[in-house]
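User: Please justify the terms used for this model, setting each value against its criterion.

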Amino acid sequence: MNEMSLPRPNNLDSFWMPYSDNRYFKANPRLLARAEGMSYFTPEGREVLDGTAGLWCCNAGHGRREIVEAIQKQAAIMDFAPTFQLGHPIAFEAAARVAEMTPAGIDRVFFTNSGSESADTALKIALAYQKARGQSQRVRLIGRERGYHGVGFGGMSVGGIGGNRKQFGAMLPYVDHLPHTHDPARNAFTKGMPEHGAELANKLEDLVALHGDTIAAVMVEPVAGSTGVLVPPKGYLQRLRELCDKHGILLIYDEVITGFGRLGTDFGAERLGVAPDIMTMAKGLTNAAVPMGAVATTNEVYETVVEGSPAGIELFHGYTYSGHPLASAAAIATLALHREEDLPGRARAIEPYWEEAAHSLRSAPGVVDIRNFGLIAGIELAPREGKPGARAMDVFRRCFDEGVLIRVTGDIVALSPPLIVEKPHVDRMMGTLADAIHAIA
Ligand SMILES: Cc1ncc(COP(=O)(O)O)c(C=O)c1O
């Protein structure tokens, strides 16, 4: 495509940008107008290497022909049809493809349009399940500090990020939190899973002591991404699983970023060796080409809710666009690509190189920790005095201007490239990042 023909806005006023410093952006716009493979291109045609798979979502790389064609074809066949009391074939096919990929026994799939909707859907299913099995006192939901489960009231409340809540007053009632697992004093610069912290899962016992048998579910990210790449300590998830089983509590994994190959396996559950009862997903499900999320549950959860209800609608929940035809087409094509190209296998193959490259930044000025797992890396910088986040934001802007897209959260750089990344891309990402950290030190 002729770069000069790429779209350029002539007015930035109307779009109220999400999670953005609108005032800064509109004075200093950084625009992306085209994407292909490992790269974005600005409206001027400047290449920006994608170190973040968009927002942890374009796992197969950008502009994949197979996905584009599937969406185009479906748009011409049937643009939309409801899935309330009706169905269309490819929504069922998409669900079956997802169920083939989820851990054994987690075979029922409810479609949403985003990670946030998946989080709220999972929480509602957990409550409905407890009620259906005669445990209607179980109305309490447990999250974890520094957890991110999107921006709906459920996910925001169960999530553990103060900054996401402070503007909005009342949260969901009956929510409590486990402590986060970040322990730099014992685990700084760990490669892969940290040694220390499995005992933090025992805090669930304290919450059970406090709340008795009123807890419905615990929701955690297998690897917390949005708060800066917090890899679970060895044994932590095993312990959490044991305690959930002991106390009749459902375990929900938010696999929105860990799903679809990011950890070198189809889902994080497989890599981590601990399966949940319910798992959320989004992002990589369609390679982000059409918005789509999903919640997968065990057969037991599904059957308890469905068989346990009087005749008629069993779950009073759903979205107009649940199983949207274009999203379903994109998901089917994406999951086929995922298999044909063995994206998890590619991620596994390059993980050791990725790990070494990330940890090579250890001596850069102001780097206080580096964490990695699968094709994720977190590089934590010391904050500037009185200006949290400013240092990393300067690094982000500098990297962008030097042709590499990174993501920052607070003073942590989080990298999560498309799973098709190759060694020269890794070298360029880490080299540009190192230069930027030095330049702004
Ligand atoms: C673990 C996790 N859950 C939920 C979400 C929310 O997803 P969405 O932005 O699609 O609503 C995200 C987004 O980054 C996420 O990382």
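The exchange below concerns a predicted model and takes up its sheet, its domains and its ligand shell in turn.

User: What makes β4 and β10 paired strands?

Analyst: Pairing requires at least two bridges between two strands. β4 and β10 share five bridges, in the antiparallel sense, so the criterion of at least two is met. Within this pair, R108 stands opposite T297 in β10.

User: How do you know that β9 and β10 pair?

Analyst: Four bridges join β9 (residues 278-281) to β10 (residues 293-297), and the two strands run antiparallel. Because at least two bridges suffice, β9 and β10 count as paired. M281 stands opposite A294 in β10.

User: Why are β4 and β6 called edge strands of the sheet?

Analyst: The open sheet has seven strands in the order β4-β10-β9-β8-β7-β5-β6, with mixed pairing. β4 (108-112) and β6 (175-178) each have a single partner strand, so one side of each lacks a neighbour in the sheet. Neighbouring strands of this sheet are turned by 20° against each other on average, direction ignored.

User: What packs on the sheet, and which strands are touched?

Analyst: Helix α9 (residues 236-247) packs there, touching β7 (215-220) and β8 (250-254). The direction of α9 makes about 145° with that of β8.

User: Why is β4 called mostly covered?

Analyst: A residue is buried if 20 or more other C-beta atoms lie within 10 Å of its own. Five of the five residues of β4 are buried, so the strand is described as mostly covered. R108, F110 and T112 point one way, V109 and F111 the other way, and all are buried. In general, side chains in a regular strand alternate between the two faces of the sheet.

User: Where do the domains lie in the chain, and what does their contact consist of?

Analyst: Domain 1 covers 9-63 + 342-440, and domain 2 covers 68-340. Their contact takes 32 residues from domain 1 and 31 residues from domain 2. On the side of domain 1 that touches domain 2, α13 supplies the largest share, seven residues. The residues of that side divide into 15 nonpolar, 10 polar and seven charged. The C-alpha centres of domain 1 and domain 2 lie 25 Å apart.

User: What makes a residue part of the ligand shell, and which come nearest?

Analyst: The C-beta atom, placed from the backbone, must lie within 6 Å of the molecule. Of the 14 residues around the ligand, S114, G115, S116, G150 and V256 come nearest. Helix α5 (residues 115-132) gives the most to this shell, with three residues. By class, the shell has five nonpolar, seven polar and two charged residues.

Definitions and conventions
Residues numbered from 1 in each chain as written. Predicted model: local features only at pLDDT ≥ 70, side-chain atom pairs only at ≥ 80, totals over all residues. Nonpolar A, V, L, I, M, F, W, Y, C, P; charged D, E, K, R; others polar. Domains from an automatic or database assignment. Contact = placed C-beta atoms within 7 Å. Axes fitted to C-alpha atoms, helices over the stretch in contact; angles between N-to-C directions. Buried ≥ 20, exposed ≤ 12 C-beta atoms within 10 Å, placed from the backbone.
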